[in-house]
Amino acid sequence: MNNRRQRSANRGATPLPLRRRKTDPMREYDRLPPELRAWMRGATLPWSPRSCLKIWKQARAKGEELGAIIGRLERAERRTLEKFKQA
């Protein structure tokens, strides 16, 4: 099996688009606040550190507490899951 085929065979059955990464997602993950990393570990979807951090920073800028931020992340995940159920 050639390398290209081998890499694509490990994606599973996901409707998410395939994208090239410009940065190291593990390095980005390691730089996240511990509470955000904990939420990502338990998330249903494979969230990118960048998208979670964007939600986190927006909520922090509005002065939201940790519980409200986690609620935001959970709502975002539910909305995303609903999109896939409809597709």
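**Group meeting: helix packing, the core and Thr23**

Helices H3 and H4 are oblique to each other, because their angle lies outside the ranges for roughly parallel (under 35 degrees), roughly antiparallel (over 145) and roughly perpendicular (65 to 115). This is a predicted model, in which local features need pLDDT of at least 70, side-chain atom pairs count only at pLDDT 80 or more, and totals for chains, interfaces and linings use all residues. Residues are numbered from 1 along each chain as its sequence is written, and side-chain values use heavy atoms, with hydrogens and water left out.

The axes of H3 and H4 lie 11 Å apart, at an angle of about 125 degrees. On the H3 side the contact (heavy atoms within 4.5 Å) involves Glu35, Leu36, Trp39 and Met40, and on the H4 side Pro49, Cys52, Leu53 and Trp56.

I turn to the core. The largest nonpolar core, a set of buried residues (under 20% relative accessible area) joined through side-chain atoms within 4.5 Å, has 16 residues. Leu36, Trp39, Met40, Trp47, Cys52 and Leu73 have the most contacts inside this core. At least two of its residues come from each of H3 (34-42), H4 (49-61) and H5 (66-86). Beyond four places in sequence, Met40 is in contact with Tyr29, Leu32, Trp47, Ser48, Pro49 and Cys52.

Finally, Thr23. Thr23 sits in the loop between H1 (3-8) and H2 (25-30). Its relative accessibility is 38%, so Thr23 counts as partly exposed (between 20% and 50%). Outside its neighbours within four places in sequence, Thr23 is in contact with Glu28 and Arg50. The side chains of Thr23 and Arg50 make a polar contact (N or O atoms within 3.5 Å, one able to donate a hydrogen and the other to accept it) at 3.4 Å.

How values were computed
Helix = DSSP H or I, 4+ residues; strand = E, 2+ residues; numbered from the N terminus. Buried < 20%, exposed > 50% of the residue type's maximum accessible area, 1.4 Å probe, protein only. Axes fitted to C-alpha atoms, helices over the stretch in contact; angles between N-to-C directions.
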